[in-house]
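Got your viewer open? Here's a short tour, one selection at a time.

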Amino acid sequence: MSPTMELEHGDFRLEWQGRVLHNYPVGGFNEYGIRRLQQAILDEAPEGIPWALVEHPKDRAGLTPEGLEEIRRMHLALVQHGCVCIGMDVAPTFGAILRDLVLSELPVPTIVGDQPDDIDTFVATELARHA
């Protein structure tokens, strides 16, 4: 096992539904766990086709301070690889932190909330703009 593997924290499951990649993270993520997540998403991302990311941390995942900075970089990288919008299905307190410190800097539309139907509608509308 590599030293980085020993330092990774956080786990996830990825699932495609059409052009939407859903991420179901669990546990506390540090920067190494976020880097592993980013690589897994980039390995799945289609080339030349607009796609969306919806993350579902709810109250089952968290971030270290280093993980918070790394997730900001991860989202910027995903946008550079065709992600046209990002949704976060998350508890309100954590959502406010993510919106203010991570998503507000992105050059694509984002939504943060705890209402999955609202997030799905937002993502479908944004993807329709890139059909």
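In which strand does Lys58 lie? Select residues 51–58: that's strand S3, and Lys58 is in it. Keep in mind as you click around that this is a predicted model. Lys58 has a phi near 40 degrees, a positive value in a residue other than glycine. Show the surface too: Lys58 counts as partly exposed, because its relative accessibility is 32% and the partly exposed class runs between 20% and 50%.

Next, pick residues 65–80, which make up helix H3, and find Glu66 there. Glu66 is also partly exposed, at 45% relative accessibility. Now add Arg13 to the selection and draw a distance between the two C-alpha atoms: Glu66 and Arg13 sit 53 residues apart along the chain, and those atoms are separated by 21 Å.

On to helix H4, residues 92–101. Which residues of H4 are buried? Colour Phe94, Gly95 and Leu98, and you have them. Look down the axis of H4: these buried residues fall within an arc of 100 degrees, so they line one face of the helix. That fits a general rule: an α-helix has 3.6 residues a turn, so residues three or four places apart point the same way. Now flip to the face of H4 turned away from the buried side, where you'll find Pro92, Thr93 and Asp100 exposed.

Last stop: select Asp114, Asp117, Asp118 and Asp120, which form a negative surface patch. Zoom in on Asp120, which has its place in helix H5, residues 116–128. How buried or exposed is Asp120? Partly exposed, with a relative accessible area of 41%.

Notes
Residues are numbered from 1 along each chain as its sequence is written. This is a predicted model: local features need pLDDT of at least 70, side-chain atom pairs count only at pLDDT 80 or more; totals for chains, interfaces and linings use all residues. Side-chain values use heavy atoms; hydrogens and water are left out. Patches are made of residues with over 30% relative accessible area and no salt bridge: like charges are joined within 9 Å, nonpolar side chains (Val, Leu, Ile, Met, Phe, Trp, Tyr) within 5 Å. Accessible areas come from the Shrake-Rupley method with a 1.4 Å probe; for residues, only the protein chains shown count as cover. A salt bridge is a side-chain nitrogen of Lys or Arg within 4 Å of a carboxyl oxygen of Asp or Glu. Lys and Arg count as positive and Asp and Glu as negative; His and the chain ends are not counted. The place of a charge is taken as NZ of Lys, CZ of Arg, CG of Asp or CD of Glu. Helices (H or I, at least four residues) and strands (E, at least two) are DSSP runs, numbered from the N terminus. Buried means under 20% relative accessible area, exposed over 50%, partly exposed in between (1.4 Å probe, protein chains only). The arc is that of the directions from the helix axis to the C-beta atoms.
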